[in-house]
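Here are a few exercises to work through with the model open beside you. Try each one by eye before you read the solution.

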Amino acid sequence: MEYRLARDSVVREYRRGRLSKLDVCDAQPELLRVARNLGWVTESACPICEVAKLVHVSFAFGPRLPAGGRPLTSRAELASMARSRDEVDFYVIEVCVECGWNHLLRRFDARVARRRPKPFRR
Ligand SMILES: [Zn+2]
């Protein structure tokens, strides 16, 4: 997946000192709030602070949804939205609530979600 490659290259640039923590740990307060409340905690440590466990958050984007996307509370909610709306896109974002690291992991449309509703899995 190209997002994974982009993510890994950002982490590499940070480790080489070409990007600062301010550059890569720029999560907006709203994203951090959603990650704390609705995020699915993974077993992977944050690549930047290497302390906190990463959290995955899923958002739905599309007509009649908020411009910043609607955060999804569960896999069931994603599945039901994918069933009822063809025009929705889903984004899964990796977030560290400690240092503010965040990066897009995956993007898929409703058709893909109907086939494989696993937004919180790698
Ligand atoms: Zn972190």
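**Exercise 1. Pairing of a strand**

Which residue in β4 does F61 stand opposite? Then list the strands that pair with β2.

*Solution.* Keep in mind that this is a predicted model.

Step 1. Start at F61: the residue opposite in β4 is D89. β2 and β4 are antiparallel and share seven bridges.

Step 2. Go on to β1, which pairs with β2 through three bridges, again in the antiparallel sense. Here V41 has V55 of β2 as its bridge partner.

Step 3. Finish with β3, which runs antiparallel to β2 and is joined to it by two bridges. One pair to look for is A60 with R70 in β3.

Step 4. Now check burial along β2: seven of its nine residues are buried, so the strand is largely enclosed by the rest of the structure.

**Exercise 2. The largest nonpolar core**

Find which residues touch the most other members of the largest nonpolar core, and which element gives the most to this core.

*Solution.*

Step 1. The core has 26 residues, and those touching the most other members are A35, V55, V57, F90, V95 and C96.

Step 2. Two or more residues come from each of α3 (29–38), β2 (53–61), α4 (75–84), β4 (89–95) and α5 (110–115). β2 gives the most, with five residues.

Step 3. Take V95 as an example. Beyond its neighbours within four places in sequence, V95 is in contact with A27, L31, L32, A35, G39, V55, V57 and N102.

Step 4. For background, nonpolar side chains tend to be buried together in soluble globular proteins.

**Exercise 3. Two sides of a helix**

Sort the named residues of α3 into buried and exposed.

*Solution.*

Step 1. L31, V34 and A35 are the buried ones. Looking down the axis of α3, these buried residues fall within an arc of 100 degrees, so they line one face of the helix.

Step 2. On the other side of α3 you will find P29, E30, R36 and N37 exposed.

Step 3. The cover over the buried residues of α3 includes β2, β3 (70–71), β4 and β5 (102–109).

**Exercise 4. Positive phi in two loops**

Where does E50 lie, and where does R64 lie? Give phi for E50 and for R64.

*Solution.*

Step 1. E50 sits in the loop between β1 (40–45) and β2, with phi near 60 degrees. E50 is exposed, having 9 other C-beta atoms within 10 Å.

Step 2. R64 is in the loop between β2 and β3, and its phi is near 65 degrees. R64 counts as exposed, with 8 C-beta neighbours inside 10 Å.

Note on methods:
Residues are numbered from 1 along each chain as its sequence is written. This is a predicted model: local features need pLDDT of at least 70, side-chain atom pairs count only at pLDDT 80 or more; totals for chains, interfaces and linings use all residues. A nonpolar core is a set of buried Ala, Val, Leu, Ile, Met, Phe, Trp, Tyr and Cys residues joined through C-beta atoms within 7 Å. A residue is buried if 20 or more other C-beta atoms lie within 10 Å of its own, exposed if 12 or fewer, and partly exposed in between; C-beta atoms are placed from the backbone. Helices (H or I, at least four residues) and strands (E, at least two) are DSSP runs, numbered from the N terminus. Two residues are in contact if their C-beta atoms, placed from the backbone, lie within 7 Å. The arc is that of the directions from the helix axis to the C-beta atoms. Two strands pair if DSSP finds at least two bridges between them.
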